[in-house]
Amino acid sequence: MTNKSLNERIRALDRRQFIKAGSLFTFGSFVLPGQLFARPEAAPAGGCDPTSDDILGPYYLPGSPVTTLVAQPGEPGDRLFLSGTVLSSDCTTPVENTMIEVWQANDAAVYDTSPAFNLRATFYSDANGQYAFETIMPGAYLNGNQYRPKHIHFRVNKPGFPELITQLYFDGDPYIPADPWASLPDAALRIIPLNPLGGGQQEGVFDIVLDGHVGIKPNRFGTDGDLLPVHPNPMRELCNIHFNVFHRARVGLHIADMNGRVLVTLLDEEKVQGRYTTQWNGVDSSGGQVTSGMYLCLLHIDGKPVKAQRIVRGRGNTAFRSPSTRTRGKRSCAGSWRASHPGKLEVPLQWIRRVSLECGVHFVHVVLHHIDVAGHRDEHALRQSRIGRRPGIGLAGQ
Ligand SMILES: [Fe+2]
C-alpha cells in the first residue's frame, strides 16, 4: 500500500471516530495504520447491546489460514478495508486476543469451498481489542428466490464469552429490506456505512460487542441448518423448498399438518454441508393430493427439529388453464400411467392444447400437441394414475 493511498484513506475518515493506537501491528501479511482503528462510541449508561447474531450459513469451513489479507492480490472485486474493536458488553472494555474467522462470497457471488480457503481467514484482536483486514466487496448471490444482500460472515470466539456467529452488511444495499435476516431490527447495527477511498476502494468500521454477562449463548438461528421461505406460497401444484445444511448430517424434510402430524417425508438421507432445493407437489404419502389449507414444512437435522416454514395450499388448480385448454371429467377409471413419448412430465405451457380428466379423482389423461416453428404438429399423450383430484403434473413456464 502506498503512502498516497494511505493518506487518501485517512483523509476520507472522520478522525473523531478513530483512535491512535500505540503502534502499528501486523496480522499475517497485512499491516494497517493505528489511526484507522475504530474507537467505540461513548457507552450509554448501563452498557449497550451485544452484537446480535445471524445465521451461520452453509459455507463455513473451520481451519482457515491466519492472515488479515483475506483477498489475495489479484482477487477480482473492489478492495474493502474493514477494521473495528472487540469490546465487552460495557462497550468500553477491549477484549484482546479474540479469534475472528471471516468468510465471504467472491465478486461473482460464489463461495470457495476448496482447500485453498479463498476469501476465508482467521485473525485475532490485539491488546487493544482491535482488528483489521483487507478483502474485496462480496457479490450478492441468489438464495431461494431472492438475492441476499452483500455480506461477510463472522465467527468470533473468546474464552469466557459466548461464541458469536454473525454477518456484516452494508448501507444502501437494495436487498436488505427483503432479506429475512438483514432486515431484522437488531441487525441495524451490523449494517455499516462505507467510506469511498477512490479507485473503487472503500473502508468501513465494525465494532463487535461480546455479551459479557453470559458464558454460553446459543445462536438463535441454530448451527445445524436452516430452512428458507417456501416459494411460491401460497402454492398450488408445486412449491420449491430451499434449505441449508451447515455440516454433514442426516437431513429430514417433512410436510406436516398444523398439528405436526407428518403427511409425507420428502427427504431422509445424509447430506454434506451445502445449499439444497427440493419440491413438494401437494401429495401426501398415500399419493393423494392434500386439501387446500395450511401445512408445515419441517427441517430435521440428525433427528432434531431445526426449523419450520408454513405452506399455504391454495384452492383450485390453474396449471391447465389457458385460452386453449379445456378440462372435463370422465368416469372411466381404466389404465395406468404411461407416456407414449419419452418426454418429461414438465412441459412448457404452450404445449398444452387439450386436457381431459378420466375418472376425475384418480386418473388423468393429458394430451399434448406441439406445433414447431415449421408448423408441424406433434402429439404426445401422457396418462397418469392416482394423482388425485387435481392433475399433479408440474408445468414449466407458468
Ligand atoms: Fe453467505
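A residue counts as partly exposed when the number of other C-beta atoms within 10 Å of its own lies between the limits for exposed, 12 or fewer, and buried, 20 or more. In this predicted model, glycine 274 has 13 such neighbours, so it is partly exposed. Threonine 291 has 10 C-beta neighbours inside 10 Å and therefore counts as exposed. Over the chain of 398 residues, 34% count as buried.

The secondary structure consists of 28 strands and 1 helix. Many contacts join distant parts of the sequence. Among contacts with a separation of 6 or more, 68% link residues 24 or more positions apart.

Confidence varies along the chain. The mean pLDDT is 74, and 67% of the residues reach 70 or more. Over residues 1-46, pLDDT stays under 50. The model has 77 contacts beyond four places in sequence for that stretch. Residues 317-375 also stay under 50, with 100 contacts beyond four places in sequence. Where pLDDT is low, predicted coordinates should not be read in detail.

The largest nonpolar core holds 58 residues. Val102, Phe133, Ile208, Leu210 and Ile241 touch the most other members. Both domain 1 (3-209) and domain 2 (225-313) contribute residues, so the core lies between them. In soluble globular proteins, nonpolar side chains tend to be buried together. Leucine 210 shows how one core member is surrounded. Beyond four places in sequence, leucine 210 touches Pro50, Val86, Ser88, Ser89 and Val95, and also Val156, Lys158, Phe161 and Leu164.

Leu164 belongs to strand 10 as well, on one of its two covered faces. Strand 10 spans residues 164-170, and 7 of its 7 residues are buried. One side carries Leu164, Thr166, Leu168 and Phe170. The other side carries Ile165, Gln167 and Tyr169. Each of these residues is buried.

Strand 10 pairs with strand 9 and with strand 11. Strand 9 (residues 152-157) runs antiparallel to strand 10, and 5 bridges join them. Within this pairing, phenylalanine 154 stands opposite threonine 166. The hairpin of strand 9 and strand 10 has 6 residues between the strands. In this hairpin, glycine 160 takes a positive phi near 95°. Strand 11 (residues 191-192) pairs with strand 10 in the parallel sense, over 2 bridges. Here tyrosine 169 has isoleucine 191 as its bridge partner.

An open sheet of 3 strands has the order 15-16-19, and its pairing is antiparallel. Strand 15 (225-227) and strand 19 (274-280) stand at the edges, each with a single partner strand, so one side of each is left without a neighbour in the sheet. From one strand to the next, the twist averages 20°. Strand 15 and strand 16 (residues 239-245) are joined by 3 bridges. Leucine 227 stands opposite phenylalanine 243 in strand 16.

Glycine 274 is found in strand 19. Setting aside neighbours within four places in sequence, glycine 274 is in contact with Pro58 and Val245. The C-alpha atoms of glycine 274 and glycine 225 are separated by 9.3 Å, although the two residues are 49 residues apart along the chain.

Another open sheet contains 4 strands in the order 18-17-20-21, again with antiparallel pairing. Its edge strands are strand 18 (262-271) and strand 21 (304-313), each pairing on one side only. The twist averages 15° from one strand to the next. Strand 17 (residues 249-256) and strand 20 (residues 293-301) pair over 6 bridges. In strand 20, leucine 296 is the bridge partner of alanine 256.

Threonine 291 lies in the loop between strand 19 and strand 20. The C-alpha atoms of threonine 291 and arginine 315 are separated by 8.1 Å. Along the chain, threonine 291 and arginine 315 are 24 residues apart.

Methods:
Residues numbered from 1 in each chain as written. Predicted model: local features only at pLDDT ≥ 70, side-chain atom pairs only at ≥ 80, totals over all residues. Core = buried A, V, L, I, M, F, W, Y, C linked by C-beta atoms within 7 Å. Domains from an automatic or database assignment. Contact = placed C-beta atoms within 7 Å. Pairing = 2+ DSSP bridges. Axes fitted to C-alpha atoms, helices over the stretch in contact; angles between N-to-C directions. pLDDT = per-residue confidence, 0-100.
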